[in-house]
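Let's take a walk through a structure together, one piece at a time. Have the 3D view open and follow along.

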Amino acid sequence: MSTSIQFLLSKIKGDRYIWFIVFALSVFSILAVYSSTRSLAFSSQGGNTEYYLIKHTAILFFGIFLMYLCHLIPYKYYSRISQLLVILSVPLLVYTLFFAADVNDAARWIKLPVINLTFQTSDLGRFALIMYTARMLSKKQENIKSFKQAFVPIILPPVIICALIFPENFSTAAVLFFTCILLMFIGRVNFKYIMLTIAGGVFLISIIIALSFAFPEVGRLGTWKARIESFTGGGGEEQYQVTQAKIAIAKGGIIGVGPGNSTQKDFLPFAYSDFIFATIIEEYGLLGAVFLIFLYLALLYRSINIVKKAPSSFGALLAAGLGISLTIQALINMGVATHLLPTTGLTLPLVSMGGTSLWFTSISIGIILSVSREADLNEEKENYKNELPENDNLEIENSKEKKVA
Amino acid sequence: MRGVKKDILWRLNLALVLIALVGVAVIFQIGKIQFIDGDKYRAQADSVHVKYVTLNAERGNIYADGGNLLAASFPYYNIIMDPLASSKEDFSKYVDSLAFGLSKVYGDKSKSEYKQIITSARKNGKRYVVLYKKATVPQMEETKKLSLFRKGKYTGGLIIETFDKRVYPYGSLANRTIGYTNKEGIKVGLEGAYDKQLSGISGKQLMQKITGGTWLPMSDDAAVEPLDGMDVITTLDVNIQDITETALRRSLVKNNAAWGTAIVMEVKTGKIKAIANLTKAGESIYNETLNYAVAQGVEPGSTFKLFSLMCLFDDNKVDINDTVNLNGGILQYHGGTMYDSEPHHRYNVSVKTAFALSSNVGISRLVNDNYKNDKQKFAQHFIDAGLINKTGVEVAGEGKPVIKTDPEADNWYATTLPWMSVGYELQITPLQLLTFYNAIANDGKMMKPYLVEATKQYGENIQEFKPVVLKEKLCSDNTIRQLKICLEAVVDSGTARNLKNEYYDFAGKTGTAQLIENGHYVHKYLASFAGYFPAENPKYSIIVCINAPSNGAYYGGAVSAPVFREIGDKLFSHHLGINEPINATDSLRKKIIVDAKGYKYDLHKILSWLKINADFDNSAEWVAMQTNTTGIQTQTIADDENKMPSVKGMGLRDALFILENKGLTVNPIGRGKVVSQSIEAGQFIQSGNYVLIVLN
């Protein structure tokens, strides 16, 4: 037994803490999904509650397998891949905008032929964009403060992608755009321009809100209006799912009612995805929630920690960007479930049920681990060759160093 | 450029702190919900419970041949609304058109009344408002289409509760054969036999309990829709059944008998067209309580002689014109004395005459003489004819024939052969005996008796039952010919000659079997008659068995044969279409129309078919026809919401429809047309009032 664990440990590279976080989140995920799909199982699987357990566990294992594969790929390749994905995501997003399948009132999904999987193109867009922004930021470091040389080429892809996601999925677009701006700040883009962009964004959102109240019948404007109303309490009584989520949270108390003992999941729409955090609080209490938040923050901390030893600025920004993106998504999901934020439709990364969204998360973590793996390698080398002259050019790639070695 | 990394690092740390602050905010928010608002939300949780309720499938109907409803489930619906289900915009946008629609569909409240009910309920946070009780199917369907309700249960707030009521439109007619099922698991008759098909598959719905103790269906997708039960189409003919039951009842009352049964079967197919079972329940009162026709094994007595004759003819032992010595009506056998029903002084008569006079001595002597050395040969005929088997009719509880087939067995006595030949020392049900008679009428082809023609679901045939041949050829054509001559002789010159008529010929055999009580034969009899008609080309075979008549007459020819004759007469005139049409005079027509009362469009259809002009210019749906000097006119009935309408003269279906639509609880007694109603016309009524209507 112990030898097989040792064998496994010898196979996995990268930050051990991140692997542990993945393991802990997976356990949470399986428990919470199994518990919260009960009513779904009764309505669509004839009461076969194991159906979703088995399906979800299989999806999760495949995700971890993808994570493993991705962490073995040298991260430099992701630079070029990100470019391809961004180019690919544009037509897909355009297609989604006009022809997508209608899942849960939101036309955000497209169906992949042959393998018959539906996925949310905005997931792909987000994933591609974060990596691409990291790439652009690292490429433009030399004159990063310039408006024309750096700011414009860096801000352009987020503007295009978010503009394409935005009509059908306002919240995802807003969160993504905000994440990109944060990355630009971290990547040392001129603060002046960032502030201007934020001001522009706020202005745009205000217009949208005004429009949604003026023309609620156009597209999804009505949904946004309803969500804003329900959040601010403008729509009269509290929205059903918000009340149900709050009941769940209140019932959970400090230590929770125990795994599988929650009852609110039967009343809570999307108890297995958007509102899974409420179910987790009901079953594991405030302590469980604090632990879960700690896990995500720890994931972010470990991702940032890689930067200290990252061999290149691209690696640093890639790991930090993906880590930030995941953590922000997690906290927004939690904020929605606890009614700190209006309903958005973002899943809890790695915990919510849902195939492709979970796989994008897995791949993201795999990429972080890939950076981490090479950073470790780099550190070893640096320790070994600590007499080597300071390498000011962060752009030098690993392979070149190998030649030197 | 170490500075670059450092620069990035502090920015990252700043981001980490900011994001961590969001995490802290989430934790604070959880704390706020748990500790500050906790009691409020936990209180809501305590009032929430969840359960699965069964959604009953609608039970299928039982139809007579020709589509008359014998047993039907009338679903009715309670229309309920959760006014808080819809969003604020939807509600204010649609509430007016919804109230208008409801008022139009139900007509019991005005638009503003409906609006008032719904809006005040929403204001007061009520999530369960009964809009209408006992809505009909079309009303329910219309309601579903109303503006707000179109959006579905979850966002529209429409809740429909379904109830089912089992109704037997023909009352006690064929009651026992139609049967019933009850909650204790007792399953009787066709309702019992086809319970599985009729029941359908129930669905389920997740319900939640909300404040105030009401249960609310959860969401549309938390439900498994029920699959409605199948309809059962029987072979029974309502008119023949009515004729049969009436004739049987008349004889039972007249002869003060214990019970009686009568079955009418279609010769060519084995379809049971009528099956009546009446048990004495009081002075001159007979109810359908036990299914004698199918379940009760009886010693048939003389009607069984037909079988003995068949054996003799088919084995070429005798010919109808051969002579048999009746020995004056008394004959000593080893172990017992055989008597004819009454002493006579006849000696040498033909086989045909011996049968027509129903001589026990004659038939038993023929059988005993011809088979005493080869008893097995006689016994084998029981097996060959399938008489030892059940017929396999659909309803539960068919009696198994008790017939000895082993001459070597201990229970085969010296008396067994002669006594069996005249229908004793064996037991067989009336239906089994009729099946045999029917085979003779059908030229030797024995048909399986059956009651169900088809099962249907949503109008589509699920299973169709065709006539089943039990035995292709029971005996030779020559035997059939001779047997038919003998059966005709019974009516022509034998024990049933008093029933001969000039319109049609029928053939049959009387039976007057002595009953056993506590192991001894007593002076009580089973009077029976089995036969078929018309004698040429038989269409129906009929058996009538009457147990223990006690008003003097007890012979099959006197007690049961008249029932046969009465059924035959009516069937002959109604169903065989040979009768002269009655030339109805104008005044007679008017008389009929004056009495007509019911649904305007029905009446209009009938009258136009009869080519009678009448004035149907009336806005009401329910009218009574009236004749005066100017012609035939309609008069409105049942128009005032709160007043009792006159349903006198209506059929049960119309009367029930009108009265139940007014929310009355109706208890109908009898059958035919309504002759009296417990609440007089014009009285004020309220929903839920109880009314008794008597039909005759």
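Start in chain B with two strands, β29(B) and β31 (residues 690–695), which run parallel and are joined by 6 bridges. To see one of these links up close, find B:I669: its bridge partner in β31(B) is B:V694. Before going further, keep in mind that this is a predicted model.

Now zoom out a little. These strands belong to an open sheet of 3 strands, in the order β29-β31-β30 of chain B, and the pairing in this sheet is mixed. Which strands sit at the edges? They are β29 (665–670) and β30 (674–677) of chain B, each of which pairs on one side only. From one strand to the next, the twist averages 25°. A helix goes with this sheet too: α23 (residues 652–661) of chain B lies across β29, β30 and β31, and it runs at about 170° to β31(B).

Staying in chain B, let's move to another sheet. This one is open as well, with 6 strands in the order β14-β13-β12-β25-β24-β23, and its pairing is antiparallel. Its edge strands are β14 (285–287) and β23 (507–517), each pairing on one side only. On average, and ignoring direction, neighbouring strands here are turned by 20° against each other. At the β14 end, you can follow the pairing in detail: β13 (residues 272–282) and β14(B) are antiparallel partners over 3 bridges. One residue to look for is B:K280, whose bridge partner in β14(B) is B:Y286.

This sheet has a helix lying across it as well. Helix α17 (residues 430–441) of chain B lies across β12 (259–266), β13, β23, β24 (520–533) and β25 (540–547), running at about 35° to β12(B). How confident is the prediction for α17(B)? Within chain B, confidence is highest in this helix, at 96, and lowest in helix α21 (residues 586–595), at a mean of 54. There's also a stretch of chain B, residues 578–584, where the pLDDT is below 50. Beyond near neighbours in sequence, that stretch has 2 contacts in the model. For chain B as a whole, the average pLDDT is 84, and 92% of the residues score at least 70.

While we're in chain B, here are two backbone details to hunt for. As background, most residues other than glycine have a negative phi, and most peptide bonds are trans. Now look at the loop between β24 and β25 of chain B, where you'll find B:P534. The peptide bond leading from B:F533 to B:P534 is cis, with omega near -15°. The other detail is in strand β4 (residues 129–135) of chain B, home to B:K134. What is the phi of B:K134? It's near 55°, a positive value in a residue other than glycine.

Over to chain A, where we'll look at helices. Take α8 (residues 170–186) and α9 (residues 191–214) of chain A: their axes are 10 Å apart, and they pack at an angle of about 170°. Because of that angle, α8(A) counts as roughly antiparallel to α9(A). On the α8(A) side, the residues that meet the partner helix are A:F170, A:F177, A:I181, A:M184 and A:F185, while α9(A) brings A:F191, A:I194, A:T197, A:I198 and A:I205. Sort this contact by class and you get 9 nonpolar residues, 1 polar and no charged.

Another helix pair in chain A is α12 (residues 276–309) and α13 (residues 313–337), whose axes come within 9 Å and cross at roughly 165°. That angle is why α12(A) is described as roughly antiparallel to α13(A). The crossing of α12(A) past α13(A) is left-handed. Among the contact residues are A:L292, A:Y296 and A:L300 of α12(A), together with A:A320, A:I324 and A:L331 of α13(A). In total, the contact has 19 nonpolar, 4 polar and no charged residues.

Finally, how sure is the predictor about chain A? The average pLDDT of chain A is 80, with 79% of the residues scoring at least 70. Over residues 103–107 the pLDDT is below 50, and this stretch has 10 contacts in the model beyond near neighbours in sequence. Residues 387–405 of chain A are below 50 too, and have 22 such contacts. As for the model overall, it scores ipTM 0.86 and pTM 0.54.

Key
Residues numbered from 1 in each chain as written. Chains lettered and ligands numbered in written order. Predicted model: local features only at pLDDT ≥ 70, side-chain atom pairs only at ≥ 80, totals over all residues. Heavy atoms only, no water. Axes fitted to C-alpha atoms, helices over the stretch in contact; angles between N-to-C directions. Helix = DSSP H or I, 4+ residues; strand = E, 2+ residues; numbered from the N terminus. Parallel < 35°, antiparallel > 145°, perpendicular 65-115°, else oblique. Left-handed = near helix turned anticlockwise from the far one by under 90°. Contact = heavy atoms within 4.5 Å. Nonpolar A, V, L, I, M, F, W, Y, C, P; charged D, E, K, R; others polar. Pairing = 2+ DSSP bridges. pLDDT = per-residue confidence, 0-100.
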